[in-house]
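Trainee: I would like to learn how to read the features of a model like this one. Could we go through it together?

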Amino acid sequence: MNMQASTGVQPPPPPSRLEEMRLPVVMMRDILLKTMFRKNLDLAIDIAEAICLPRAVTQELIDMARVQKLIEATGTLNANSSGEMGYQLTDAGKSRALDALSQSEYFGAMPVPLSVYREQVKRQSIRNIQVTREQLTNAMGHLILPKALLDHLGPAVSAGRSILMYGPPGNGKSSISNGIRDAMGDKIYVPRAIEYSGQVITVYDPIVHSKAEVEIDDPGSLRRKRTFDTRYVRCERPTVITGGELSLSMLDLVYNPTARTYQAPLQLKSTGGIFIVDDLGRQAEPPQALVNRWIVPLEEAKDILALQSGEKFEVPFDTLVIFSTNFHPNSIFDKAALRRIFYKIKIDGPCQSDFLKIFAMVARKKGMPLDEAALIYLIKEKYPTIDNVYANYQPVFLIDQMISICNFEGIPYQMTPELIERAWANMFVREEEILH
């Protein structure tokens with residue numbers, strides 16, 4: 001059965017009236033004033049685009065501020081062929097904008113209330129995805145993997161629960177993690193910012209989120225078609241990859257004292273996608289402490305964050321967490337922590353026949369002709385010296401080394417036992433060379 005990864009995520013509907021916004025009215029009015037002030041905007045259509053609200057809702061906000069004598073109409077702008085009404089801040093409006101900026105520098109897109117965002121997270125949950133064997137195979141097409149590996153990976157990915165991949169280094173744990181992301185294939189909606197208790201938390205991050213192509217609106221049309229709430233950005237499912245640099249503090253809200261706003265932590269930015277903790281065991285904090293931090297989120301699908309005031313609140317935790325380590329799990333976790341990670345998958349090095357397939361594939365890709373004598377020398381002479389332990393990174397390493405030697409010597413790309421010997425010498429440091 002050829003199922004799609006998803007039948008398509010239901011987009012967040014745009015609000016049609018101000019009362020549907022579920023945000024404090026003063027906060028909305030102040031963001032309007034700050035945005036007009038900072039961006040020097042005077043047309044409702046441009047203001048609507050800047051604060052990411054439909055035209056009618058923006059007009060309601062403008063009208064409310066006009067009643068409060070914070071905005072005034074300037075009449076039709078003669079330079080504007082559409083004959084649109086122009087607006088400007090009154091002196092009281094400028095004064096209020098400056099006062100509001102001193103309390104929070106945030107302006108632009110209206111935030112989405114946390115309660116509304118929770119509803120969207122459910123609509124696009126990572127746990128709604130059903131990944132088929134075909135999709136996973138296609139996404140991993142560039143990797144040569146043991147058949148049994150997909151048997152374990154498929155159900156783990158479809159469950160949207162935590163995965164621990166362990167095994168010797170250099171066998172593609174990171175590539176497999178990326179393949180899992182590619183298999184998902186659908187798009188989700190990421191809020192530019194969310195609001196909780198009057199505080200703004202920015203979520204959309206161009207470094208983490210890849211914007212999907214959006215239908216181009218007709219520039220000649222004043223009533224631009226809004227198929228979804230543009231306070232969100234339509235994106236690929238996000239992937240956050242962290243390594244040895246991951247610390248517990250990176251999983252907390254980041255407060256910007258100048259702007260007086262918060263930035264979402266990494267796991268909140270990865271909502272609806274994948275959070276990869278690569279090289280577990282290389283962080284400053286012990287692996288046990290890192291996993292303990294994830295226990296409540298992994299079990300209860302919610303995370304607890306804290307504001308500067310110390311007030312704690314719940315946010316959705318909807319992320320496929322993949323831990324990847326070169327250490328044996330029993331050496332870095334206790335039994336309770338291991339029990340909380342749903343799937344444990346060992347990623348071993350390739351067998352000899354898979355190793356040769358990888359070697360041939362890499363050689364073809366890099367334009368290096370295969371040589372039978374050189375391959376026999378590699379398999380019969382070199383690998384027995386390391387107990388015939390093959391790793392996925394080795395073909396790329398050895399072939400790149402031979403290419404570098406050929407380039408240096410000014411000879412055509414070739415594979416010989418002598419070049420294999422020279423390339424091999426750079427892959428390992430002999431015991432007697434280690435300085436004491």
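Trainee: Let us start with strand pairing. In which sense do strand S12 and strand S15 pair, and over how many bridges?

Mentor: Keep in mind that this is a predicted model. Strand S12 (residues 274-277) runs beside strand S15 (residues 320-325), and the two pair in the parallel sense over four bridges. To place the register, take Ile274, whose bridge partner in S15 is Leu320. Helix H10 (residues 287-300) packs on the sheet here, touching S12 and S15, and its direction makes about 155° with that of S15.

Trainee: Which strand pairs with S15 in the parallel sense besides S12, and over how many bridges?

Mentor: That is S4, which pairs with S15 in the parallel sense over four bridges. For the register on that side, Met165 stands opposite Ser324 in S15.

Trainee: What is the strand order of the open sheet that holds S12, S15 and S4?

Mentor: The order is S9-S12-S15-S4-S16, five strands with parallel pairing. Strand S9 (239-242) and strand S16 (343-346) stand at the edges; each has a single partner strand, so one side of each is left without a neighbour in the sheet. From one strand to the next the twist averages 15°. Helix H7 also packs on this sheet, touching strand S4 (163-166), S15 and S16, and the direction of H7 makes about 150° with that of S16.

Trainee: Is S15 largely enclosed or left open by the rest of the structure?

Mentor: Look at burial residue by residue. Six of the six residues of S15 are buried, so the strand is largely enclosed by the rest of the structure. Then check the directions of the side chains: Leu320, Ile322 and Ser324 point one way, Val321, Phe323 and Thr325 point the other way, and all are buried.

Trainee: How do the side chains alternate along strand S13?

Mentor: Compare the two faces. In S13 (residues 302-306), Asp303 and Leu305 point to one face and are buried, while Lys302, Ile304 and Ala306 point to the other and are not. The partner is strand S14 (residues 312-316), paired with S13 in the antiparallel sense over five bridges. Within that pair, the bridge partner of Ile304 is Glu314. The hairpin has five residues between the strands, and Gly310 takes a positive phi near 95°.

Trainee: What about the other open sheet, with mixed pairing: what is its strand order?

Mentor: Its five strands follow the order S3-S6-S7-S11-S10. At the edges stand strand S3 (112-113) and strand S10 (254-256), each with a single partner strand, so each has one side left without a neighbour in the sheet. For one pairing inside this sheet, take strand S7 (residues 199-202) and strand S11 (residues 261-263), which pair in the parallel sense over two bridges. Thr202 has Gln263 as its bridge partner in S11.

Trainee: Where does Ser104 lie, and is it buried or exposed?

Mentor: Ser104 sits in the loop between helix H4 (91-103) and S3. With a relative accessible area of 15%, Ser104 is buried. Leaving aside neighbours within four places in sequence, Ser104 is in contact with Lys34, Ala259, Arg260 and Thr261.

Trainee: How should I read two packed helices?

Mentor: Two packed helices are described by the angle between their axes and the distance between the axes. Here helix H7 (residues 147-159) and helix H8 (residues 173-184) pack at an angle of about 55°, with their axes 12 Å apart. H7 and H8 are therefore oblique to each other. Leu149, Leu153 and Val157 of H7 make the contact with Ile176, Ile180 and Met184 of H8. The crossing of H7 past H8 is right-handed.

Trainee: One last feature: how many disulfides does a search of the whole structure find?

Mentor: A disulfide is a covalent bond between the sulfur atoms of two cysteines. The search of the whole structure finds zero. Cys235 is in no disulfide, and the nearest cysteine sulfur, that of Cys52, is 13 Å away. Cys235 is buried, with a relative accessible area of 0%, whereas Cys351 is partly exposed, at 42%.

Technical notes: Residues numbered from 1 in each chain as written. Predicted model: local features only at pLDDT ≥ 70, side-chain atom pairs only at ≥ 80, totals over all residues. Heavy atoms only, no water. Disulfide = S-S within 2.5 Å. Buried < 20%, exposed > 50% of the residue type's maximum accessible area, 1.4 Å probe, protein only. Pairing = 2+ DSSP bridges. Axes fitted to C-alpha atoms, helices over the stretch in contact; angles between N-to-C directions. Parallel < 35°, antiparallel > 145°, perpendicular 65-115°, else oblique. Left-handed = near helix turned anticlockwise from the far one by under 90°. Contact = heavy atoms within 4.5 Å.
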